[in-house]
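Student: I have not seen this structure before. Please take me through it by question and answer.

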Amino acid sequence: MMLLRRRRTIVIAGLASTLVAVVLAPFAGSTSIAVARVFDPSVPFADNLDAQIFFLARLPRALAAAVVGGTLAAAGVVFQGLLQNPLTTPYTLGVSAGASLGAMCAITFGAWLPFGTVTAASLAGAGLAVFIVYALARARHRGISTTVLLLAGVTLNAFFSALILFVQYVSDFAQTFRAIRWLMGDLDVAGYATLGAAAPLLLVAFAVFAWIARPLDLLTLGADAAASRGVDVTTVQRAAFFSASLATGAAVSIAGPIGFVGIIVPHLVRLVVGADHRIVLPAATCLGATFLVLCDTIARTVLAPLELPVGIITAVIGGPFFLWLLLRAR
Amino acid sequence: MLLQATDVAFSYHRHAIRRGVPVPLVLRGISVVVPHGSVVGLLGPNGSGKTTLLKVLSGTLAPTAGTILLDGTPLGSYSRRALARRLAVVPQDTHTAFDYTVLDMVLMGRYAWLGPFELEGPDDRDAALAALEATGTSHLASRLFPTLSGGEKQRVVIASALAQLDIRNGLRAGSSETRRPLLFLDEPTASLDLRYQLECATLLERLHEQHDVTMVLSTHDLRLVQAICDSVVLLREGRVLAAGPTAEVLSPAAVSALYDVDTPLVEQLLA
């Protein structure tokens, strides 16, 4: 009962903070808008510039930040549990490198590809990376070898990075500029349609997260220990790998590879609520969502009217935080 | 008979076996009987197959050949959860990637008793608290597991195994399962100092006597075997060298042959 109450309290508090951030963030920006005017029913929407800025420009962006932030944080938790390594990020296993390669190809060779949009191409690239890493981790093993998974992911990251550089080398200046902006991680392109397209993938991924939360606790004791306690280790490993990869691929396809959210947030959450994945997962999702909405608000306002890519803000906060974690671990 | 293994063989090269390629066997022709209420010791030099045999007997690894029966039913026909409610394993070392509290660690033992999305209820908490009490670790409940000493960690892992087996008297509400818990321990006193070795031995003896827990333990500790094991299996190069009641099998001659050491030295150790 205590766990249930604690989880409910954390989820309600987390959802409330995310909701407040998503509703308030659109009011900040280079053009100031008034609350009364945004929700003024007497002015038709077509004539209400404040409402248009709120609902068409800034709210979808804030929602995208919440969805991407929450997803990356949750995927980070799952990957860390799967690999039993708290320094793992959602990008360690090459999903984002695959997604980035897909996006680079779409930006540079878009006219010749069967799937034109950057979003679809990055999802396809993520899928390719997942397939390769999984096939390597399965070869010659009963279940999934987490060591091979990690090594294959790191190697694939390096290989895909080289291919990304090659694609950039053969692209023109305009394409290179667009590609670099995408790689910085940016929520500028997000709209309701993109979020709607990603929603089914994310729903499936989060449903699996809810199912594997407890087995992930046991997996962190080691595969044999988990198996002796009744966990179907191979099934849980597969479910964790595919669901976290799916979530990461969907998040990266929306906003590019925004760094550090998937590692900062899980650590902060564990410092406060402990290690139980049934609490860490919902708490990290809510905090990740709130964190990215705040970072994006800073990115839009700190040098207004210039808008910085949000990836720069998360990296500026995340880099020192990561170093602090390493020093703390020693 | 609670557990009976007959002519068990095991190889880690499962793929090669399927292709019909000859492979090295880690275990060969192993037959072991574990009567209810007994404590069985597995002795043997490093690399003799003790840990592998524990994993095979506990269902963590499937044997390449032979049969293993738990209460007369093949081990493979139990579901994972049903098996975990009947037998638990205490590994040599337990490391956690994250900072779980001791109570978290013990509650993890309740996994097999819960549905896929079910949270631990008062009954599970009672089982965990009873296990903490049985192992003398109640005062550690809120401590972080990685901050404990080696001996404390070992007792907490045993507590988690006891919560898994539900050592409380009587049946769990709504359960009709037979309560004949079986505990496997892989070198429980290895890496412990003398004080913790003695504490661990006393704890195991108490669990056996007060909570009717049947045990199979692998060890190099001859005194532990003498003190608590009813029977002993001597393993060498994946085969059974000798097996039977401890008093009969654990002779200086057998032990010196097992470890390739001088008999007088073993006589001193067993004195």
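Student: In which sense do β6(B) and strand β7 of chain B pair?

Tutor: This is a predicted model. Four bridges join β6(B) to strand β7 (residues 182–186) of chain B. One pair places Val89(B) opposite Phe184(B), and another places Val90(B) opposite Leu185(B). The sense of the pairing of β6(B) with β7(B) is parallel.

Student: Which residue of β8(B) is the bridge partner of Leu185(B)?

Tutor: β7(B) also pairs with β8(B), in the parallel sense and over five bridges. Leu185(B) lies in β7(B) and stands opposite Val90(B). In β8(B), its bridge partner is Leu217(B).

Student: How many residues of β7(B) are buried?

Tutor: Take the two faces of the strand in turn. On one side Leu182(B), Phe184(B) and Asp186(B) are buried, and on the other Leu183(B) and Leu185(B) are buried. Both faces are thus covered, and the count of buried residues in β7(B) is five of five.

Student: Which strands stand at the edges of the open sheet of six strands in chain B?

Tutor: The order of this sheet is β6-β7-β8-β3-β9-β10 (chain B), and its pairing is mixed. An edge strand here has a single partner strand, so one side of it is left without a neighbour in the sheet. The edge strands are β6 and β10 (239–245) of chain B.

Student: What is the average twist from one strand to the next in that sheet?

Tutor: The sheet in question is the open one of six strands with mixed pairing. From one strand to the next, its twist averages 15 degrees.

Student: At about what angle does helix α2 of chain B run to β8(B)?

Tutor: Two helices can be placed against these strands. Helix α10 (residues 252–259) of chain B packs on the sheet, touching β3, β9 and β10 of chain B, and its direction makes about 30 degrees with that of β9(B). Helix α2 (residues 50–57) of chain B lies across β3 (39–43), β7, β8 (214–219) and β9 (231–236) of chain B. Its angle to β8(B) is about 155 degrees.

Student: Which strands are at the edges of the sheet of four strands in chain B?

Tutor: The order is β2-β1-β4-β5 (chain B), with antiparallel pairing. Two bridges join β4 (residues 65–70) of chain B to β5(B), and Leu70(B) stands opposite Thr73(B). Each edge strand has a single partner, so one side of each lacks a neighbour in the sheet; these strands are β2 (27–34) and β5 (73–74) of chain B.

Student: Is α4(A) roughly parallel or antiparallel to α7(A)?

Tutor: Helix α4 (residues 95–109) and helix α7 (residues 173–184) of chain A pack with their axes 9 Å apart, at an angle of about 155 degrees. Angles over 145 degrees count as roughly antiparallel. Therefore α4(A) is, relative to α7(A), roughly antiparallel.

Student: How many charged residues are in the contact of α4(A) with α7(A)?

Tutor: From α4(A), the contact includes Ala103(A) and Ile107(A), and from α7(A) it includes Arg178(A) and Trp182(A). By class, there are six nonpolar residues and three polar ones, and the number of charged residues is one.

Student: Which element gives the largest share of the side of chain B that touches chain A?

Tutor: Chain B gives 30 residues to the contact and chain A gives 27. On the chain B side, α1 (14–18), α3 (80–86) and β6 (87–90) each supply at least two residues. The largest share is three residues, and it comes from α3(B).

Technical notes
Residues numbered from 1 in each chain as written. Chains lettered and ligands numbered in written order. Predicted model: local features only at pLDDT ≥ 70, side-chain atom pairs only at ≥ 80, totals over all residues. Contact = placed C-beta atoms within 7 Å. Pairing = 2+ DSSP bridges. Axes fitted to C-alpha atoms, helices over the stretch in contact; angles between N-to-C directions. Parallel < 35°, antiparallel > 145°, perpendicular 65-115°, else oblique. Nonpolar A, V, L, I, M, F, W, Y, C, P; charged D, E, K, R; others polar. Buried ≥ 20, exposed ≤ 12 C-beta atoms within 10 Å, placed from the backbone.
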